[in-house]
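Q: Please take a close look at one pair of packed helices in this chain. Set the pair in the context of the whole chain before going into detail.

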Amino acid sequence: MPGKVLILSASLLFLPLAATAAPGTKPLASSATEAVTPAVLAKWMSGAEHGYGPDQYRLGLAYAAGDGVAQNFSEAAHWWRKGAYNINPQAELMLGEAYAHGWGVPRDIDKAIHWWKAAARYGPPEVASRAQLLLDSAV
């Protein structure tokens, strides 16, 4: 919609925030408990291909960050869309971010707002509050 301005905070990009990783491992922002290894990626891919929303979200983050796979925003948006359609609030939030920034999808603020509203409506408190903050920032 013409005339809309979007103010975003980079700190809202990846949910949940990564915790301290074990020495020698590289955490992915989507998983504070699993280091990104080929085995973890294979597990996420299997779950994602079988329609498991949390793994679709995690796989989207892996593609967005280039953790364990080549960075590919189109592929990230693909997995976030699948997760969003499986009513995964974190995927809904990130799909909104993808539309807001044009990460792998055409930039579309109205679609971003649609997905942020879904995340705010269905998400756990930490996701809902971040989605609401993004909604409040969209003018």
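**A helix pair in its chain**

A: Of the 139 residues in the chain, 43% are buried, meaning under 20% relative accessible area with a 1.4 Å probe and protein chains only. The model is predicted, so local features need pLDDT of at least 70 and side-chain atom pairs pLDDT 80 or more, while totals for chains, interfaces and linings use all residues. Residues are numbered from 1 along each chain as its sequence is written, and side-chain values use heavy atoms, without hydrogens and water.

The chain has six helices and two strands, which are DSSP runs (helices H or I, at least four residues; strands E, at least two) numbered from the N terminus. Their order from the N terminus is β-β-α-α-α-α-α-α.

Now the pair. Helix 4 covers residues 89–101 and helix 5 covers residues 109–122; their axes (lines fitted to C-alpha atoms over the stretch in contact) lie 7 Å apart, at an angle of about 160° on a scale from 0 to 180 degrees between N-to-C directions. The two helices are therefore roughly antiparallel, a term for angles over 145 degrees.

In contact, that is with heavy atoms within 4.5 Å, helix 4 contributes Pro89, Glu92, Leu93, Leu95, Gly96, Glu97, Tyr99 and Ala100. Helix 5 meets them with Ile109, Lys111, Ala112, Trp115, Trp116, Ala118, Ala119 and Tyr122. These contact residues comprise twelve nonpolar (Ala, Val, Leu, Ile, Met, Phe, Trp, Tyr, Cys and Pro), three charged (Asp, Glu, Lys and Arg) and one polar (the others, Gly among them).

Terms used:
Buried < 20%, exposed > 50% of the residue type's maximum accessible area, 1.4 Å probe, protein only. Parallel < 35°, antiparallel > 145°, perpendicular 65-115°, else oblique.
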